[in-house]
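Please open the structure in your viewer and keep the selection tool at hand. The tour below goes from one selection to the next and says what is there to find.

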Amino acid sequence: MLDNLDKIRQQFKEELNAINSKDELEKLRVAFLGKKGLVTEALKNLRNLSSDEKKIAGKEVNKLKHEIEEAIASYHKTLEEREYLKEIENAEHYDYTIPSSREAGTLHPITIVQKKIEDIFKTMGFIIEDGLEIQTEYNNFEAVNIPKNHPARDMQDTYYLENGQILKTHTSAAQNTIMKKYGAPKKGEPLKVLFPGRCFRNENLDASHENTFFQLEGMMIGDDISISNLIYFMKVLLSEVFERDVKVRLRPGFFPFVEPGFELDINCAICEGSGCSTCKQSGWIELLPCGMIHPNVLKMGGIDPDKYTGFAFGLGLTRLAMMKYNIKDIRLFNSGNLKQLKQFTR
Amino acid sequence: MLISMNWISEFTDLSGIDIKELINRFTLSTAEVEDIYEMGKDIKDVVVGKIIEVNDHPNSKKLHLVKIDIGSEVVEVVCGAPNVYVGAVVPFAKLGGQVGDLEIKEVPIAGVLSSGMCCSEKELGISDDNSGLMIIEEDYPLGTDIKEFMQLEDIVFEVDNKSLTNRPDLWGHYGIAREIAALNKRPLKPLELVDTSIYNSLTPIDLKVEDNERVYRFSCITMDNITKKKAPVNMRIRLTYCGMRPINLLADLTNYLMMELGQPMHAYDNSKVTEIRVKTYSEPIEFLTLDDNLRKVDTETLMICNAKEPVGIAGVMGGELSSISDDTTSVLLESANFDGTSVRKSATKLGLRTDASARYEKTLDPEMTVLAIERFIKLLIDIDPAVKITSSLTDAYIKHYDKITIDFDKDYMDKYTGIDISSDMMEETLSALGFSVVRDGDSFSVGVPSWRATKDVTMKADIVEEITRIYGYDNFDIYSTTSLLSPIRHSVERDDEYRIKSLLSHKYDMNEVHSYIWYETKMNKELGINTEPNIRIVNSLTAENDTIRSTIIPSLLGFIPKNVESNPEMGMYEIGRVADGLKEDGLCNEKKRLGIVIASKQLSEKEVFFKLKEAIEQVLLDIKNITPVFVENEAINKYNYVHPVNSAGIKLDNQEVGYLSVLHPKVRDNIDKKLNVAFAEIDISDMEKVDELPLEYKEVSKYPGVTVDLSLLAYKSTRYESLSQYIDMYPCQYLKKYYLVDIFEDEKLLPGKKSVTIRFEFVSMERTLESNEVQKMVDGLLAVLNSKGIELR
């Protein structure tokens, strides 16, 4: 009996060595451990032995059975590894240098710049407002202290409509509506609002003139807003916008809706103030008009100029986008030319 | 405007002042200086010389050989000027000297050595007179450097005119000098004048002003026995440096006064103009102006006339026929003040903007007219002492500006500025600028000087500017405001716009574009797009594009032909404005619209349509959490580019918000027959009227569900929406959801019909459903469908 078991063990070892696939291994398992397998038969034969012999032989058969089971399980793993290796060996080599075909869409460059600036202002507590593009003369002119007979009004660059309305010439046209909407600010809670918008000037187009362009205007009105605050805010905000520590310089500037009014210059980034062709050797770049909101403008907006003061500033959004992307021809913005517009992925 | 520092220094002491630094401060405190020119540096070693001998040049008829005595020696030069004569005293540039770009060297001219150069006025930069050598009439020792008596060296700076629009007082040197004196904290010298009251006994001029609205003041005086013809050289240098062309003494003097005080003046030949009428004509007339142009003058333009005929256009330009000539010995001098708007209108209508009209437009100080006359007489008599005044000062002062007094205190100033400027400093600044100051501690009552009172300074805030600009914005301490902590109010609409844009660009790979607010008429014609009549622009420079758009779609369709070559697979969108007609109050019904256009050659028209539909659904779901409903569309009746069949209105919670459509084949063929195009327009304001639905999370069942696919036979014309309605009629608590899997059509197999496969999911929250239970539910569902004529395939 024991001899027979050694024979079986020997036979299994030999046959296992010849096996190359999981199928053959399964056949081998059946041949030894299956219902009619050699080991199973050997177990069956135990009943012919005496009880003492049975004890000894039984142990041996079970030992053999475990040996074979383990050997098969282990060999199964080896075969599996081999199969994976083979699959990987035979795998197609993908050409990862092939370009992907999907082309993501793009936002308009104005949207990109506008959103970035709006986000900066939002972090400083500004409300974002909107305004109409087709405005009344009152909102565009009277309400911002540009009375009839003012030279700005008979300039030919305002688009007048049949019903007497106009296409707004500047974002300031929204000031009056916004002041009336929010009313006088509560003590210690100044009204901080930013209102970008599309403006129109009746001009012929060329590389640097568009009749349709974007501006962005901001106001802050409260019970103690001062010139000092204005300069501080402009410095902080412009440093964020231009992502550098901007130096600002104020010069007197005349705009009917502010008093005092300023032209704000920033230090030239190209020559860092030493003078170059970009800044016409002055070291400064004229950037934006700003000032303390004219008492008449506050009054017309329903805000008492004896109690409240405020500042306002305007920024050419289109000009800013041209600076950011180094766009030379302003006509790109309204061209609908996808060859150009598809480049503005960020 | 060009400003001469020599001229300024006549009115305020500039000694020891760094001029460049001063000009920089002027930019920061007053007005922008655009350029600084150093004049006269390029004139070197030019001395007084006397021609003592003139001989013909052996090789030239035009040239002469000239001997010049320059005191220390006699030099020989070749000279081409026509006015060489023995005894002429001329400016002579010595060897080693410089005249402009020319360095003086010994050179042969037509074969004869020349050792210097005699100069014309133009060569010296004094005037544009290049007709011959400059003749020095005054008596200077030979060899004197001309710079000793000619103010050739000067610093001239150019102020940006735009930054002076609101400062009528800065259109002359005296006003600029006042600013500079205040900046330097040095006194401003008073003007030297002749008091005209000494002529009060003389006969006044016959002056009648017929227009009391537009003439604010008209002052005039006559004078005789004027013998000098040419202004002194230093006056001419100043005029030239300030951009004026010297002409003759009287014209130069009026220009000089305009450049000095900002007051335009006009000198009429008194032999031709003896009385003055200021009026308009009832019929249009023709008038020959000084610049020798015959101009048409309409009935609204204010004219200066003598008894019979016009002699000048008020505030713009005098007439040729009454102007001073070389033989003029007597003049009538006008110094007037007119309504700025009226002068601007006259100048605009005539297309004639002059130095005078540009100044009047700024609303000049009427107090200045007499001052200018008194200054004119002073300067003229200094030059030509024999001049006689022949009339009294005749002055019609019609409109006086109100005297403005402004009260304020230091608290107001501190609040406005945010910094502490002392009351002493405020007083000093205002006084230096000519304000009269009455001060009681920190309380002020200031009188606005006449030259600032015409429109510029009217209220407290204006005083803030006066004080702060001289204080210097660079000197401000700057600090943040303090405010209470409070949440920011969000602009929902703007946030939504960005979400829409982001979704369309980054999920649907579209490109955002911008287009004009008006219809591009030519493009619409080319594409065969009809647009409805809408409100129009009345003064557009591009007259054909004068109609404001009432829909955004034609603008976007117009972009397709531009891009179809390079980008046939395109998706474009814009959020822009339209005017949807007028509202009841007559104002435009302005709307914000989202327009989308998708075009493709790879996708079928149907695929393009459904791609667009999906994008719209996703946008509206994202913004409102509501699946839109697509319904019969009214836009087909309105627009000829909308497809009569394959278009649908978009409804959100019963609110109509827009439509989508494929392009009408007629318009499509005008672009490209092979291009499949779909477009949609959504009204953002209408969309925002719909409340968004909150997101509701539902528990999912712990038990497995049963999925049943049913292929239903329906007529081809039956819409999915109908099937859906029938299914919804079957009450079944376990039917959790169902959705479309496939639509199969085959004319041979299923004539007139289609097979619609819908997947139904049955699930219970309490238990696992038995298969016979599910079968019962399916049977019940089919019974409802059968009753509506829908069979199981």
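Begin by selecting chain B, where, among the contacts with a separation of 6 or more, 70% join residues that are 24 or more positions apart. Keep in mind as you look that this is a predicted model, with an ipTM of 0.86 and a pTM of 0.85.

Colour chain B by confidence next, and you will find that its pLDDT averages 93, with 100% of the residues scoring at least 70. Within this chain, the lowest confidence belongs to helix H17 (residues 635–638) of chain B, whose mean is 76, while the highest, 98, belongs to strand E27 (residues 511–512) of chain B.

Now switch to a cartoon view of chain B, which holds 21 helices and 37 strands. Its radius of gyration is 43 Å, well over the 28 Å that the globule rule gives for 793 residues, so chain B is more spread out than a compact globule. If you turn the chain along its principal axes, the C-alpha trace spans about 135 × 80 × 60 Å. Of the 793 residues in chain B, 42% are buried.

For the next stop, show both chains and look at where they meet: 76 residues of chain B are in contact with 65 residues of chain A. Select helix H13 (residues 492–506) of chain B, which supplies seven residues, the largest share of the side of chain B that touches chain A. Colouring that side by residue class gives 31 nonpolar, 27 polar and 18 charged residues.

Move on to chain A, which is divided into domain 1 (2–90) and domain 2 (109–341). Give each domain of chain A its own colour, and note that the C-alpha centres of domain 1 and domain 2 lie 89 Å apart.

The last stop is a single helix, so zoom in on H8 (residues 175–182) of chain A. Which residues of this helix are buried? They are A:Gln175, A:Asn176 and A:Met179. Looking down the axis of H8(A), you can see that these buried residues fall within an arc of 95°, so they line one face of the helix. To see what this face packs against, select helix H6 (137–140), strand E5 (212–222) and helix H10 (295–300) of chain A, which are the partners of the buried residues of H8(A). Finally, step past the end of H8(A) to A:Gly183, the residue that follows the helix, and check its phi, which is positive, near 70°.

Definitions and conventions. Residues numbered from 1 in each chain as written. Chains lettered and ligands numbered in written order. Predicted model: local features only at pLDDT ≥ 70, side-chain atom pairs only at ≥ 80, totals over all residues. pLDDT = per-residue confidence, 0-100. Helix = DSSP H or I, 4+ residues; strand = E, 2+ residues; numbered from the N terminus. Rg over C-alpha atoms; globule rule 2.2 N^0.38 Å. Buried ≥ 20, exposed ≤ 12 C-beta atoms within 10 Å, placed from the backbone. Contact = placed C-beta atoms within 7 Å. Nonpolar A, V, L, I, M, F, W, Y, C, P; charged D, E, K, R; others polar. Domains from an automatic or database assignment. Arc of directions from axis to C-beta.
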